[in-house]
Amino acid sequence: MSQYKDNSEFIDFSGIIKECVAKWYIFAIAVVGCVALAFLYTRVHAPEYQVKANLLITQDQDDGSGMGALSAVFGSSAQVDDEVFAVSSHSLFKKVAKELGVNQLHVEKRGFLKKEFVYPDYAVNLTCDPAIPDTLRAALLFKVKVNGKGKVNATVKMKRKTVGEIKNATFPATVSTPYGDFTLEKGSAFPADEGVSTEIVYMGYDAAAEGIAQYVEVDIASRKSNVIQMELESSNIDYAKAVLDAIIEQYNLRGLKEKNLRSQKTIDFIDSRLALLSDDLVTSENTIETYKKENGIVDLRADAEYQFTKKGALEQALVTSETEMQIVKLIKDFVSDPKNKNELVPASLTVPGQQSAGGDNFIGAYNELILERLDLVQNAHAGNAALATIDRKIDAMRKNLLSTVDKTYESARVKVLELRQQVAAAQSALGNIPTQERRFRDITRQQSIKEQLYVYLLKQREQTSMLLANNQMKGQIIDEAYAVTEPVGMSKKMIFLLAVVLGVMLAAVYIYISRMLRTKFDTREELEKLTSMPLLGEVSHSNSGESLVVKPGGSTSVAELFRLIRTNLQFMLGGQTHKVIMVTSTTSGEGKSFISINLASSLALLGKKVLLMGLDIRKPKLQEYLGLYNAKGFTEYIADDSVKLDSIIQHNAVQGLDVVVSGPVPPNPSELLTETRVDELFDKLRQMYDYIVVDSAPVGMVSDTLTLERISDVTVYVCRVNYTTKQQIKFANSLHDEGRLKKMSLVVNGTSPKQSYGYGDEAGSKKK
């Protein structure tokens with residue numbers, strides 16, 4: 001069982017941090033890329049600002065007529081919830097779009113990738129027939145370019161389809177489209193001697209109103225207040241302020257118009273009644289004059305004062321009742337007249353001293369329907385279903401109102417008859433009162449009724465005129481449109497800061513994921529976590545291009561690294577009889593031959609007699625690296641008994657180091673290595689040399705090395721940074737755990753010079 005513990009389920013934070021520090025350039029690239037994207041974003045997207053306005057809805061307490069409950073007809077309490085809908089109505093937004101001309105939106109290009117929404121001063125003005133925006137159903141996109149010479153190129157598109165185009169025109173330039181002709185002219189913001197690139201979105205007023213409704217937020221500031229709060233986010237503060245201020249203005253104008261209409265209707269009705277009463281008063285005065293002349297009456301009051309004292313109270317009551325009956329009759333005549341079918345019932349008239357039971361409520365509801373119909377008639381077409389519905393409601397309400405007024409009038413008439421009977425009874429009891437006095441009283445009583453009614457109507461007319469002159473707007477402006485100082489969303493500094501943070505995070509995630517997906521190790525520390533085998537040392541990169549880098553008198557950093565490996569290897573060998581060092585690896589290209597050559601040279605520099613033997617007989621490399629192309633080798637000695645040992649031993653430039661190359665590649669390499677002659681050869685060599693370094697075949701590719709395990713004392717297993725896979729390290733672990741190679745230890749090849757105990761760039765290895 002392997003002693004190696006799999007730590008794959010743990011995150012190696014220290015390793016990740018070290019790798020991040022080593023690959024700082026990835027962070028630099030990621031941060032620069034994110035900052036560049038942030039810069040492009042800030043160029044393309046202009047900052048938006050929040051513009052607000054606050055409107056207080058005043059509550060109508062009384063219309064100023066002073067006529068009791070019937071005043072509700074002309075001045076009901078404002079419901080703020082309903083006013084929110086009025087403020088955000090389509091018809092109001094349509095008026096705003098028409099007044100401000102915001103059915104055309106101008107976006108001008110300003111420098112590199114920068115577009116700016118402009119208002120109200122444009123570089124290029126767009127005009128057309130006033131009837132076009134009333135009927136235009138879809139938006140038109142005008143792409144206009146003007147060069148420094150004043151030549152105009154314009155393309156008109158609707159839903160990505162070109163519907164009009166002009167080229168090399170001069171101002172004013174006319175573009176013809178299926179929807180009408182449009183004229184392009186220089187605007188107040190047109191730059192002198194410069195080109196202009198702008199896009200204009202032209203919409204109908206209905207579409208513009210829908211666009212305003214999409215971005216304007218209207219709501220009650222608090223459920224306990226009567227304040228309506230409006231908000232609009234836009235990159236152009238002037239545009240947002242103009243829209244909100246225009247909404248408030250149009251709302252107040254409509255409310256003021258409704259109030260003035262109510263007051264004017266009341267004044268018109270009173271004027272018509274005053275004209276009739278004036279004629280009646282003239283007739284009554286002429287009758288009194290004629291009666292006095294015919295009966296020779298000068299002053300009846302002094303003569304009849306005593307007689308009429310008793311019946312004074314009855315007559316007063318009779319006058320009051322008849323006045324009430326006349327007022328009810330006026331309302332009845334007005335409602336019954338077909339000319340007044342869709343007119344407001346005057347609410348200025350009521351019976352002094354009492355309320356008509358249920359009448360006020362009917363009149364108020366009836367007048368609300370009339371007002372609703374007046375609003376609807378302004379925008380509805382003939383045959384409108386809503387108009388027909390409200391007409392039916394008005395007819396039904398008129399019938400109910402007539403029924404109520406008839407009952408009230410009948411009740412007043414009965415009361416008047418009763419009072420007349422009582423007065424007649426009192427009159428008959430006063431038999432001493434002359435007949436002419438009674439007749440005179442009747443005439444003067446009729447005159448008094450008309451005088452009181454005339455004075456009453458004059459008073460109401462003056463009050464209504466004062467109300468008309470002093471009508472106030474329903475919406476009181478608390479805050480005109482103002483912009484919040486800071487832009488909505490993130491500032492440029494915050495965007496760039498987030499870009500830097502995002503770049504760091506992306507780089508860290510990239511390194512972490514690549515680390516998780518990587519199949520090869522890249523540091524000595526990572527290798528130590530993958531295996532429990534002893535590590536003799538490491539060899540860093542070299543750019544020298546030489547195979548033999550450990551030479552007599554050399555003090556390079558690579559020589560120091562091999563000395564460290566040599567020292568650790570001597571501890572592994574143990575006694576003097578342990579001389580054979582077999583060098584192998586998992587696969588070719590890990591630097592096995594390079595390590596063998598320089599390890600043997602390092603041992604020879606101790607003054608020892610060392611033999612370097614090439615037993616990678618399938619793919620020999622020693623003769624190539626050391627330039628021993630024509631020398632006889634190991635395979636020839638084993639295969640031919642006539643070949644002497646001295647003939648295959650080659651002397652090297654390093655004193656004390658001999659070399660035996662592998663020789664020609666045999667047809668049966670595996671069988672050749674199992675020959676008893678191989679064992680006999682190594683018995684002789686053990687007597688001749690202090691150390692024997694065997695460059696064997698890669699153990700992961702062929703079984704030759706495992707066959708030679710019998711003649712070795714120590715196995716040096718070579719692996720290469722960023723070349724040997726983690727799976728191959730697991731294979732080496734299995735060989736070690738199963739004891740298939742003697743005294744296995746590792747040498748790491750190809751590490752970074754900075755990882756090699758501080759030695760410089762001269763240290764190195766070659767990929768052998």
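**Buried charges, unusual backbone and paired strands**

Reader: In this predicted model, are D616 and K592 buried or exposed?
Author: A residue counts as buried under 20% relative accessible area and as exposed over 50%. By that cut-off, D616 and K592 fall into the same class. Both residues are buried.

Reader: How far apart are the closest N and O atoms of D616 and K592?
Author: Side chains of opposite charge can pair when their charged atoms come close. D616 and K592 form a salt bridge. D616 lies in the loop between β16 (610-614) and α17 (622-626) and K592 in helix α16 (residues 592-604), so the pair ties together parts that are 24 residues apart in sequence. The closest N and O atoms of D616 and K592 are separated by 3.5 Å.

Reader: Which residue forms a salt bridge with R524?
Author: R524 has a relative accessible area of 13%, which makes it buried. Its partner is also buried, at 2%. The pair, with R524 in helix α14 (residues 524-530) and the partner in strand β14 (residues 535-540), is 14 residues apart and links distant parts of the chain. At 3.0 Å between the closest N and O atoms, the partner of R524 is E538.

Reader: How many residues apart in sequence are the parts tied together by R686 and D713?
Author: The side chains of R686 and D713 meet in a salt bridge of 3.0 Å, N to O. R686 belongs to helix α21 (residues 676-688), whereas D713 sits in the loop between α22 (704-707) and β20. D713 is buried, with a relative accessible area of 12%. The parts tied together by R686 and D713 are apart in sequence by 27 residues.

Reader: Where do the cis peptide bonds at P120 and P172 lie?
Author: Most peptide bonds are trans. A cis bond joins Y119 to P120, with omega about 0°, and another joins F171 to P172, with omega about -15°. P120 is in the loop between β3 (115-118) and β4 (124-128). P172 is in the loop between β7 (161-169) and β8 (173-177).

Reader: What phi does K743 have, and what phi does N722 have?
Author: Most residues other than glycine have a negative phi. K743 lies in the loop between α23 and β21 (744-751) and is partly exposed at 37% relative accessible area, while N722 lies in the loop between β20 (714-720) and α23 (726-738) and is partly exposed at 45%. Although K743 is not a glycine, its phi is positive, about 40°. N722, likewise not a glycine, has a positive phi of about 60°.

Reader: Which residue in β9 stands opposite T127?
Author: Strand β9 (residues 180-186) runs antiparallel to β4, with 5 bridges joining the two. β9 also pairs with β8 in the antiparallel sense over 5 bridges, and a hairpin of 2 residues joins β8 to β9. In the pairing with β8, S176 stands opposite D181. The residue in β9 opposite T127 is T183.

Reader: Is E217 buried or exposed, and which residues form the negative surface patch?
Author: E217 is found in strand β11 (residues 216-220). Its relative accessible area is 52%, so E217 counts as exposed. The negative surface patch is formed by E48, E217, D219 and E233.

Note on methods. Residues are numbered from 1 along each chain as its sequence is written. This is a predicted model: local features need pLDDT of at least 70, side-chain atom pairs count only at pLDDT 80 or more; totals for chains, interfaces and linings use all residues. Side-chain values use heavy atoms; hydrogens and water are left out. Helices (H or I, at least four residues) and strands (E, at least two) are DSSP runs, numbered from the N terminus. Buried means under 20% relative accessible area, exposed over 50%, partly exposed in between (1.4 Å probe, protein chains only). Two strands pair if DSSP finds at least two bridges between them. Patches are made of residues with over 30% relative accessible area and no salt bridge: like charges are joined within 9 Å, nonpolar side chains (Val, Leu, Ile, Met, Phe, Trp, Tyr) within 5 Å. Accessible areas come from the Shrake-Rupley method with a 1.4 Å probe; for residues, only the protein chains shown count as cover. A salt bridge is a side-chain nitrogen of Lys or Arg within 4 Å of a carboxyl oxygen of Asp or Glu. Lys and Arg count as positive and Asp and Glu as negative; His and the chain ends are not counted. The place of a charge is taken as NZ of Lys, CZ of Arg, CG of Asp or CD of Glu.
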